[in-house]
Amino acid sequence: MYFNFISQTGLDLNYFFPPHAWFLFLTATLSLILGINTWHRRYILTGKILMYFMFSVTLWAFFSGIEAVTASLAGKIFWSKMEYFGFVWAAPLCFLLILSYTNNWKWANPSLLVVLAAISLITLILAWTNEYHNLIWDAFYTGSDKLNIIVYSHGIWFWIFNIFQFCLYCFNLVVLIDRLRFQKAPYRQQTITILVATLIPVVSGVLYIFNISPIPGLDWMPISTFFTGVIFAWSMHYYRLLDLVPIARETLVEQMLDGMIVLDDQQRIIDINPSARKMVANGENIKIGDHLADVLPELSSTISVSKSRSTTQILSYQETQDDQRFVDVRFTLLTGSKADANCSLVILRDITKRKNMEDSLNQANQELEKRIEEIQKLQHQLKEESIRDPLTNLYNRRYLMDAMQREFARARRDQYPVSIILADIDHFKRVNDTYGHLVGDGVLQQLSRILVSSFRLEDIVCRYGGEEFIIVMPDTTIETALSRIDSTRVLVESTILDISEQKVQITLSAGIAIFPDQGSDIDTVIKEADKALYRAKLEGRNRVIAGAISD
């Protein structure tokens, strides 16, 4: 009997455990253990890919097991979708695993990786949106009741993806069989085990895809991966898979970028690769059997001192006056089974570019620090210019507003008064008209210095505008403020200002208001101080008036 996929909704919590479900959960457990076991080998490309492959098999087998024990059709379809989180990645990861193992990773170019990932992601998305297009499954019907099986009728994309993954598996088989022709033990045993482990899911997949399984509808692929995991575990334990990687000496030694020199116990050269010849002076003339002291005395002296231990040092070669080469030398003592069988491995690495880059980087850092210091100075200068009056160097009106807001907030919290003094030069226009604006500017500057010196460091002296000044005195009573500004007024009156060969004498009027008694905000307090100043002007100037405090 067929069921329509779209009409099924909701998950049934009834479960039935058929025999093959236990194999699936066992497969998931074993795959998870193998994935965790390869975690410490994740820095090896083959180990990293194998780890991801086993984790994908874990997801595939685990969700297949849940699908096998779920009784309802809707539940089975849901867990079948969950299987695809592992299923779609298994074949591509197996393909990449073989490329890495057989030293053919050069084929895995970015375009190929994008294609593999794209096809897998498309398949995963189509599985989860199948009810809208039926490209993965187009119908379902009951299979074996004893095994709790639902037979899936597959759509066209399912066949496309299976052709894709079988092509990958077949490629793996061809590459592994070709590799067997040139390998010796223990690499041959490794390759045989990987070949068998790869062949098992291919055979089981053919049984399922072409419906030639003895149990219709039973997907043997996730079940057979149990044996794949067992074989991988066997290979890792007995054949040291991931410890012994089959790489030819030509690739490993002759083409390695690092230089390699092998010495016997008499410090005679018994092997040297092309990279080492390029890194040392007269390297092309070095012959097997030459004594290290004869051809590389700068190395021989270091190794002689460190005969009993491994060392690392950096040598500098001055090949020409303008060309200096830096070589990182790593000396490792290799101990054999007999006392006279010791030899030494010397690894040379050209770090000239790194050293030059480090020197350039240090120089750039020094220049950058200088630039940052200059920028910080400029930022400080700009900040000061933005809050300072350019003529008097006092704080300007912009800073005054921020400072009063800050001081009022602190005064509210700590409950103390803030006195505000608004001072003005008497008849300042007469000074400008009589002596000129240059002298008028000088008067403002000298008065500013008198004000700053007459008040405390915590008091804020600002130029409010024109010939007006405001002094903010935190935690100061109106009586103290009156005394201080009046003393300043007397000082100003008695001071003869010498500006541009002109003798100028001025007087000062001031009004005082206090926060919070005469206002709870900035504008109100300044307005009260301005009223007091206006009274001082009306009463004849050259005097200080304090605003009236209401009871």
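A residue counts as exposed when its relative accessible area is over 50%, as buried when that area is under 20%, and as partly exposed in between. The model on display is a predicted one, and this tour refers to those three classes at most stops.

**Stop 1: a salt bridge at the end of a helix**

Select Arg 413 and Asp 414. Their side chains meet in a salt bridge, with 3.3 Å from N to O. Arg 413 has a relative accessibility of 60% and therefore counts as exposed, whereas Asp 414, at 42%, counts as partly exposed.

**Stop 2: further salt bridges**

The structure holds 18 salt bridges. Select Arg 463 and Asp 389 next; the closest N and O atoms of this bridge are 3.2 Å apart. Arg 463 belongs to strand β10 (residues 460-465) and Asp 389 to the loop between α12 (352-387) and α13 (397-414), so the bridge ties together parts that are 74 residues apart in sequence. Both partners are covered: Arg 463 is buried at a relative accessible area of 15%, and Asp 389 is buried at 11%.

Now move to Lys 503 and Asp 498, another bridged pair, whose closest N and O atoms are 3.1 Å apart. Here Lys 503 is exposed, with a relative accessible area of 55%, and Asp 498 is partly exposed at 44%. Then add Asp 424, Asp 426 and Lys 537 to the selection: salt bridges with shared partners join these residues into one network.

**Stop 3: charges over rings**

Select Arg 388 with Tyr 395. The charged end of Arg 388 sits over the ring of Tyr 395, at 3.9 Å from the ring centre. A second example is Arg 397, which lies over the face of Tyr 464 at 4.1 Å from the centre of that ring.

**Stop 4: backbone features in loops**

Select Phe 515 and Pro 516 and display the backbone. The peptide bond between them is cis, with omega near 5 degrees. Pro 516 is placed in the loop between β14 (508-515) and α17 (522-538).

Arg 541 is found in the loop between α17 and β15 (544-546). Its phi is near 65 degrees, a positive value in a residue other than glycine, and Arg 541 is partly exposed at 29% relative accessibility.

For another positive phi, select His 427, where the angle is near 50 degrees and the residue is again not a glycine. His 427 occupies the loop between β9 (418-425) and α14 (428-435), and its relative accessible area of 35% makes it partly exposed.

**Stop 5: the annotated transmembrane spans**

An unreviewed UniProt entry lists residues 20-39, 51-78, 84-102, 111-129, 149-171, 192-214 and 220-239 under "transmembrane region". Select residues 51-78: this span is 89% helix and 0% strand, and its end C-alpha atoms lie 26 Å apart. Residues 84-102 are 95% helix and 0% strand, with 28 Å between the end C-alpha atoms.

Within helix α3 (residues 73-101), pick out Cys 94. Cys 94 is buried, with a relative accessible area of 4%. Its C-alpha is 9.8 Å from that of Gln 165, although the two residues are 71 apart in sequence.

**Stop 6: aromatic rings**

How many aromatic pairs are counted in the model? The count comes to 16. One of them joins Phe 25 and Phe 62 edge-to-face, at 6.0 Å centre to centre and 65 degrees between the planes. Phe 25 lies in helix α1 (residues 19-37) and Phe 62 in helix α2, so this pair ties together parts that are 37 residues apart in sequence. Phe 62 is partly exposed, with a relative accessible area of 36%.

Compare Phe 161 and Phe 164, a tilted pair at 5.6 Å centre to centre with 45 degrees between the planes. Both residues lie in helix α5 (residues 156-180), three residues apart, which is about one turn of the helix. Phe 161 is buried at 2% relative accessible area, and Phe 164 is buried at 15%.

Return to Phe 25 and Phe 62 and extend the selection to Phe 63, Phe 78, Trp 79, Phe 85 and Trp 128; together these residues form one aromatic cluster.

**Stop 7: a nonpolar surface patch**

Finally, select Leu 45, Trp 105 and Leu 113, and display the surface. These residues make a nonpolar patch of about 220 Å². Leu 45 is in helix α2 (residues 45-69) and is partly exposed, with a relative accessible area of 33%.

Note on methods:
Residues are numbered from 1 along each chain as its sequence is written. This is a predicted model: local features need pLDDT of at least 70, side-chain atom pairs count only at pLDDT 80 or more; totals for chains, interfaces and linings use all residues. Side-chain values use heavy atoms; hydrogens and water are left out. Patches are made of residues with over 30% relative accessible area and no salt bridge: like charges are joined within 9 Å, nonpolar side chains (Val, Leu, Ile, Met, Phe, Trp, Tyr) within 5 Å. Accessible areas come from the Shrake-Rupley method with a 1.4 Å probe; for residues, only the protein chains shown count as cover. A salt bridge is a side-chain nitrogen of Lys or Arg within 4 Å of a carboxyl oxygen of Asp or Glu. Helices (H or I, at least four residues) and strands (E, at least two) are DSSP runs, numbered from the N terminus. Buried means under 20% relative accessible area, exposed over 50%, partly exposed in between (1.4 Å probe, protein chains only). UniProt positions are given in the numbering used here, feature names are shortened, and annotations may be inferred rather than shown by experiment. Rings of Phe, Tyr and Trp (its six-membered ring) pair if their centres lie within 6.5 Å; planes under 30 degrees apart count as stacked, over 60 as edge-to-face and the rest as tilted. A charge sits over a ring if NZ of Lys or CZ of Arg is within 6 Å of the ring centre and within 35 degrees of the ring normal.
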